Amino acid sequence: MDALLARARLRQSFGRVISMDRFWLGEQLPELADDLDAAFRDIGREDLADCVWHTEIIEPCPCDSETCGTFYTVSHRIWTGKVERFFDLKVEGLICVHVENGQIAWVELLNRPDICKQLIRMFSYGLSDDEPDL
Ligand SMILES: [Zn+2]
């Protein structure tokens with residue numbers, strides 16, 4: 001019975017993102033959070049500026065580019081398709097922020113090798129602190 005229960009639990013969790021750590025945008029990428037905060041205030045979207053700091057980074061973009069700083073903040077598995085997109089934000093690099101149901105869902109950010117490196121560091125589980133710099 002215990003084994004059956006364990007298998008059922010495993011099935012339930014399949015496909016969900018499981019992470020030991022939680023990554024908050026404001027904590028992990030404070031400079032980017034600062035830029036996004038200012039950029040959203042610039043266009044009169046204080047609601048989104050306030051969200052920036054406690055937005056959770058769930059997954060980095062899986063592509064191989066060394067300059068891609070794209071990341072997901074709301075599981076794309078639950079997207080409803082009702083999205084607002086912000087292209088003209090005053091943020092270094094090429095940016096498009098996708099907002100879904102008032103939440104920042106996906107930050108597309110290109111030409112940002114610095115953010116790329118930080119994302120790799122955050123999501124490379126098992127790397128110890130004395131690993132050489134990426
Ligand atoms: Zn990418």
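**Notebook: sheet, helix H5 and core**

I began with the sheet of this predicted model: five strands form an open sheet in the order E3-E4-E7-E6-E5, and the pairing is antiparallel. At the edges I found E3 and strand E5 (83-86), each of which pairs on one side only.

Next I looked up how E6 and E7 pair. Strand E6 (residues 94-100) runs antiparallel to E7, and I noted seven bridges for the pair. Valine 97 sits opposite valine 107 of E7.

Then I turned to helix H5. Which residues of H5 (residues 113-123) are buried? I listed Ile115, Cys116, Gln118 and Leu119. Viewed down the axis of H5, these buried residues fall within an arc of 165°, so they line one face of the helix. That fits the general pattern: an α-helix has 3.6 residues a turn, so residues three or four places apart point the same way.

What do the buried residues of H5 pack against? My list has two helices, H2 (25-28) and H3 (30-42), plus the strands E3 (59-60), E4 (71-72) and E7 (103-110).

Last, the core. The largest nonpolar core has 24 residues, and Val52, Ile104, Val107 and Ile115 touch the most other members. Elements giving two or more residues to this core are H3, helix H4 (46-52), E4, E6, E7 and H5. E7 gives the most, with five residues.

I followed up on valine 52. Setting aside neighbours within four places in sequence, I found valine 52 in contact with Leu25, Gly26, Ala33, Leu36, Asp37, Phe40 and Ile104. A nice link to close on: Ile104 is also among the core residues that touch the most other members.

Terms used. Residues numbered from 1 in each chain as written. Predicted model: local features only at pLDDT ≥ 70, side-chain atom pairs only at ≥ 80, totals over all residues. Buried ≥ 20, exposed ≤ 12 C-beta atoms within 10 Å, placed from the backbone. Helix = DSSP H or I, 4+ residues; strand = E, 2+ residues; numbered from the N terminus. Arc of directions from axis to C-beta. Contact = placed C-beta atoms within 7 Å. Pairing = 2+ DSSP bridges. Core = buried A, V, L, I, M, F, W, Y, C linked by C-beta atoms within 7 Å.
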